[in-house]
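Here is a short tour of one protein chain, from its overall make-up down to a few selected residues. Please keep the sequence and the 3D view open as you read.

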Amino acid sequence: MNDLWRGTLSTRLRISSGLVLFTYALLHFVNIGLGMLSPVWMDAMQDARQLVTRSILGSVLLYGAFTVHITFALVKLARRGTLRMPFWEAVQIGLGITIPILLVAHLVHTRTAHEIHNVNDEMGYIMLLLYNTADGWKQSLLLLVVWLHGCTGLHFWLRGKAWWRRYLPALTGAAVLVPAFALAGFLVEGRRVKAQFSDPDAREAMIDRFNFPDRETFAELITLTDQMGWLFGAIMALVALAYLVKYIRARQQSVTIRYHSGAQINAPRGLTLLEMSRLRGIPHAALCGGRGRCTTCRVVIEEGLELLHPPSEAEARSLAAVGAEPNTRLACQIKPMDPMTVMRVFQPDGRSKNRGHASQGEEKELALLFLDMRGFTARTTGQLPYDVVFLLNRFFDAIVPSINAQGGTVDKYLGDGFLAVFELPASDSSAHAALRAIEGIAQALANFNATLAREGQSPVAIGIGAHLGDVVLGEIGAAGQAPRTLIGDTVNTASRIEGVTKEFKVQAFVSAPLLAAAGHAVPQDQMQALDLRGLSSPLLAWPVQEASDLSVQLARFRSNEETQVPKS
């Protein structure tokens with residue numbers, strides 16, 4: 001996780017404060033949702049939460065995180081060179097600004113009322129205050145805004161990680177359930193409390209229990225809410241003024257930027273090159289939103305490099321990670337003060353140096369399968385080329401449909417073998433598809449060999465190496481002649497796994513990462529440690545003597561956390 005925290009101090013503070021606030025929101029919403037199950041559970045969780053959040057340390061951490069997070073967000077907004085930005089970023093900023101506007105009333109009528117007027121602001125008080133009121137609708141909107149803002153920020157922070165993409169469907173489902181659970185709890189408990197309050201005897205008891213604010217106290221709280229709202233409005237006005245002053249000053253000076261494509265713009269000094277491009281309508285990729293993490297905004301400086309400021313530590317680290325040339329910089333990090341000529345490495349639709357979308361490359365965790373025909377050279381020695389091609393085509397026609405039936409495709413044919421990839425949405429479904437395909441191939445091979453036997457020919461033997469890991473898919477080759485393919489260490493490892501099937505006299509080897517992704521826990525004593533070139537440590541793999549009944553063999557192993565083979 002260390003690489004998640006690399007970056008400037010302000011970035012680290014913004015992320016860490018956001019995580020504190022996200023954790024608080026999650027626990028708070030779950031707490032509200034418990035009202036659907038039991039008011040006792042709901043009150044018990046609130047008491048437990050407040051032991052932390054209302055302690056001195058907890059209060060400093062919570063309100064400090066809120067102050068830091070909103071301060072850095074507003075400062076960043078004030079310092080922007082242009083308000084042109086991707087739609088998702090505009091939505092994220094808009095949601096962030098909306099939160100304090102809706103939150104101030106909630107904060108004043110709960111924590112502030114508790115501290116100043118000794119109001120018992122437990123959940124029953126909040127339900128009574130909000131249920132079936134206009135303020136209740138506003139606070140329900142606040143819940144949705146806070147959750148959407150937090151989840152969006154979390155996604156765009158972690159979306160570059162393979163493990164995040166792997167579990168994204170499940171995380172999305174959980175993210176949808178949280179606000180639904182909270183709103184359901186609010187409705188159920190709010191209805192119960194409101195019904196109880198309609199009883200005159202119960203009403204008096206509840207007023208005493210909550211120390212419910214009287215008319216004068218409510219007037220004071222409303223006045224304080226209005227004052228806090230005006231204060232935030234004044235802060236936003238200052239942010240707007242700071243941006244306007246910066247914009248006017250920047251407009252007084254401009255710099256000329258020439259693009260390799262022939263386009264030329266004049267933009268205010270003080271903007272990043274990415275902001276200049278967006279301001280003048282020049283397409284420019286930035287998958288991370290201009291945070292200096294994805295490097296898709298990088299440019300080659302063809303003229304003017306010597307006049308440009310040196311890269312920051314964070315920019316230098318990102319460029320080093322992709323092996324960039326010395327004249328390559330990140331458009332989101334450089335602020336040209338002098339004319340320069342640049343070439344965009346990537347464009348926003350994924351085109352790299354005027355190529356198609358797929359040439360940008362896409363990283364995924366997928367299952368791969370290398371297959372090779374055994375003894376092909378000896379079998380075809382002395383045969384006419386036509387006969388060799390005829391045999392190979394018959395062989396491929398027999399077994400490739402087993403791959404296609406599971407959603408897999410043959411990435412490339414390699415003489416008497418091929419590389420197949422199972423490009424499915426999630427790694428577990430990709431792994432399952434690969435295992436089913438291996439069984440289908442073995443069954444199809446048996447039928448193919450039966451046909452050969454009837455023709456008086458010897459049977460065909462194969463070796464299969466199956467592995468799962470991160471691969472990069474993209475168009476690789478000269479412009480206009482670049483087929484879509486995949487590369488990466490996972491490809492090399494799968495090939496080397498297939499290479500040892502002959503040595504161990506097995507039909508297939510299935511790697512431990514693939515088995516684990518499919519949820520199969522093969523006992524350690526049935527795994528084989530393979531010393532493969534290019535790997536610093538042995539890779540565990542399961543040898544399969546004959547794969548036509550692979551599903552039956554796997555059914556013997558039950559996946560559980562105690563015996564599951566870890567990914568190697």
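## A walk through the chain

In this protein chain, 71% of the contacts with a separation of 6 or more are between residues 24 or more positions apart. Please bear in mind that the model is predicted. The secondary structure comes to 18 helices and 13 strands, and 45% of the 568 residues count as buried. The accessible surface of the chain is about 28800 Å², with 60% of that belonging to carbon and sulfur atoms.

Let us turn to the strand pairings. Four of them are set out here, each with its bridges and one pair of partner residues.

| Strands | Direction | Bridges | Partner residues |
|---|---|---|---|
| β1 (residues 254-259) and β2 (residues 264-268) | antiparallel | five | Thr-256 and Asn-266 |
| β1 and β5 (residues 340-344) | parallel | three | Ile-257 and Met-340 |
| β3 (residues 298-303) and β4 (residues 328-330) | antiparallel | three | Val-299 and Arg-329 |
| β3 and β5 | antiparallel | four | Val-300 and Met-343 |

Reading across the table, strand β5 joins β1 in parallel fashion and β3 in antiparallel fashion. Strand β1 also runs antiparallel to β2, while β3 also runs antiparallel to β4. The link from β1 to β2 is a hairpin with four residues between the strands, and there Gly-262 takes a positive phi near 110 degrees. As a general reminder, side chains in a regular strand alternate between the two faces of the sheet.

Next come the cysteines. How many disulfides does the structure hold? The number is zero. Cys-297 shows how a pair can miss the mark: the closest cysteine sulfur, in Cys-332, is 3.7 Å from its own sulfur, which is too far for a bond, because a disulfide calls for sulfur atoms within 2.5 Å. Cys-297 has a relative accessible area of 2%, so this residue counts as buried.

Finally, have a look at the surface. Met-36, Leu-37, Val-40, Trp-41 and Val-188 make a nonpolar patch of about 490 Å². Where does Met-36 sit? Met-36 lies in the loop between α1 (9-33) and α2 (39-53). With a relative accessibility of 36%, Met-36 counts as partly exposed, because that class lies between the buried limit of under 20% and the exposed limit of over 50%.

Key: Residues are numbered from 1 along each chain as its sequence is written. This is a predicted model: local features need pLDDT of at least 70, side-chain atom pairs count only at pLDDT 80 or more; totals for chains, interfaces and linings use all residues. Side-chain values use heavy atoms; hydrogens and water are left out. Two strands pair if DSSP finds at least two bridges between them. Helices (H or I, at least four residues) and strands (E, at least two) are DSSP runs, numbered from the N terminus. Buried means under 20% relative accessible area, exposed over 50%, partly exposed in between (1.4 Å probe, protein chains only). Contact means heavy atoms within 4.5 Å. Accessible areas come from the Shrake-Rupley method with a 1.4 Å probe; for residues, only the protein chains shown count as cover. Patches are made of residues with over 30% relative accessible area and no salt bridge: like charges are joined within 9 Å, nonpolar side chains (Val, Leu, Ile, Met, Phe, Trp, Tyr) within 5 Å. A salt bridge is a side-chain nitrogen of Lys or Arg within 4 Å of a carboxyl oxygen of Asp or Glu.
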